Amino acid sequence: MFEVTQFAVGGLDDNFSYLIHAENGDSAIVDPCGDLSRLFAAIRKHARVNPAYILITHGHRDHISGLDEARKAFPAPVAAHPECRVHPDIALADHQRLPFGDSCIECLFTPGHTADSVCYRLGDDSAIFTGDTLFIDCCGYCDPDTMFRTMREVLYPLPDSLIVYSGHDYGHVPFETLGVQKRTNPYLYTDTLKAFRREIRKL
Ligand SMILES: [Fe+2]
């Protein structure tokens, strides 16, 4: 139903940007940053493109470095947490559902890495865009107590089917299902705060 394309956009931090495309042409960019030439080329390949959203996972510079460039080529409203430095056109609420294709994209507040961190879950449970909250095999630098709550209460209960698309290429693979990460990623499966704090000290 949705087609997701992952772009390794380079830079020192091995960032990822994403293009989400629905059958009816609705399209969204996640975290426009780095070298966006291949992303723009991918947009041009689609017969129908309705620029629906530019989705920001959090306001760190490396995730929004291409925002001005993206806005010019892709005239869609910018959606982000209300406290995000980008001053979003759509100031999201927790669990807000943005209409997209024949379904939606749901925003989940996931504080821990930053106070303005959010994840975006596709309405058909095919994917989740986790920014610097959840990486493949690890998680972002964080306040451990807040991140532990996010992992346990927000991310762990989500369906195994979701493919985790994170903000950086830090894992043994560029993406993987949440189901596998629940079994292999200690930052996701650790179920006591004490043990979680120990894991965070390894970052
Ligand atoms: Fe970050």
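## Cysteines

Cys-119 has 0% relative accessibility and therefore counts as buried. This is a predicted model, and the count of disulfides in it comes to zero. Cys-119 accordingly takes part in no disulfide, and its nearest cysteine sulfur, belonging to Cys-107, lies 8.6 Å away.

Why is Cys-139 not bonded to Cys-142? The sulfur of Cys-142 is the closest cysteine sulfur to that of Cys-139, but the separation is 4.4 Å, which is too far for a bond. The cut-off for a disulfide is a sulfur pair within 2.5 Å. Cys-139 also counts as buried, because its relative accessibility is 3%.

## Packing of α4 and α7

Two packed helices are described by the angle between their axes and the distance between the axes. Helix α4 covers residues 144-155 and helix α7 covers residues 193-200; their axes come within 10 Å and cross at roughly 115°. The two helices, α4 and α7, are therefore roughly perpendicular to each other. The crossing in which α4 passes α7 is right-handed.

On the α4 side, the contact is made by Pro-144, Asp-145, Met-147, Phe-148 and Met-151. On the α7 side, Leu-193, Phe-196, Arg-197 and Ile-200 take part. Sorted by class, the residues of this contact between α4 and α7 are seven nonpolar and two charged, with no polar residue.

## Thr-190 and Leu-188

Thr-190 sits in the loop that runs between α6 (186-189) and α7. Is Thr-190 buried or exposed? Its relative accessible area is 8%, so Thr-190 is buried. Residues up to four places away in sequence aside, Thr-190 touches Phe-148, Arg-152, Ala-195, Phe-196 and Glu-199. Two of these names, Phe-148 of α4 and Phe-196 of α7, also appear in the contact between those helices. From Thr-190 to Leu-134 the C-alpha separation is 13 Å, with their positions 56 residues apart in sequence.

Leu-188 belongs to helix α6. With a relative accessible area of 0%, Leu-188 is buried. Not counting neighbours within four places in sequence, Leu-188 is in contact with Leu-134, Met-151, Arg-152, Leu-155, Tyr-156, Leu-178, Gln-181 and Lys-182. Arg-152 is thus one of the residues in contact with Leu-188, and Arg-152 is also among those touched by Thr-190. Met-151, another contact of Leu-188, is one of the α4 residues that meet α7. Leu-188 and Phe-135 are 53 residues apart in sequence, and their C-alpha atoms are 9.9 Å apart.

## Positive phi outside glycine

Most residues other than glycine have a negative phi, and most peptide bonds are trans. Asp-31 has a positive phi of about 50° although it is not a glycine. Asp-31 is placed in the loop between β3 (26-30) and α1 (37-45). At 2% relative accessibility, Asp-31 counts as buried.

His-87, likewise not a glycine, has a positive phi near 50°. The loop that holds His-87 lies between β5 (78-80) and β6 (90-91). Whereas Asp-31 is buried, His-87 counts as exposed, with 66% relative accessibility.

## Arg-85 and Asp-62

Arg-85 is located in the loop between β5 and β6, the loop in which His-87 is also placed. With 44% relative accessibility, Arg-85 counts as partly exposed. Which residues is Arg-85 in contact with, leaving aside neighbours within four places in sequence? They are Gly-59, Arg-61, Ile-64 and Asp-116. Arg-85 and Gln-96 are 11 residues apart along the chain, and 19 Å separates their C-alpha atoms.

Asp-62 is part of helix α2, which spans residues 61-64. Its relative accessible area is 21%, and Asp-62 is therefore partly exposed; the buried class requires a value under 20%. Apart from residues up to four places away in sequence, Asp-62 touches Asp-13, Asn-15, Cys-33 and His-168. The C-alpha atoms of Asp-62 and Phe-175 are 19 Å apart in space, and the two residues are 113 residues apart in sequence.

Technical notes: Residues numbered from 1 in each chain as written. Predicted model: local features only at pLDDT ≥ 70, side-chain atom pairs only at ≥ 80, totals over all residues. Heavy atoms only, no water. Axes fitted to C-alpha atoms, helices over the stretch in contact; angles between N-to-C directions. Helix = DSSP H or I, 4+ residues; strand = E, 2+ residues; numbered from the N terminus. Parallel < 35°, antiparallel > 145°, perpendicular 65-115°, else oblique. Left-handed = near helix turned anticlockwise from the far one by under 90°. Contact = heavy atoms within 4.5 Å. Nonpolar A, V, L, I, M, F, W, Y, C, P; charged D, E, K, R; others polar. Buried < 20%, exposed > 50% of the residue type's maximum accessible area, 1.4 Å probe, protein only.
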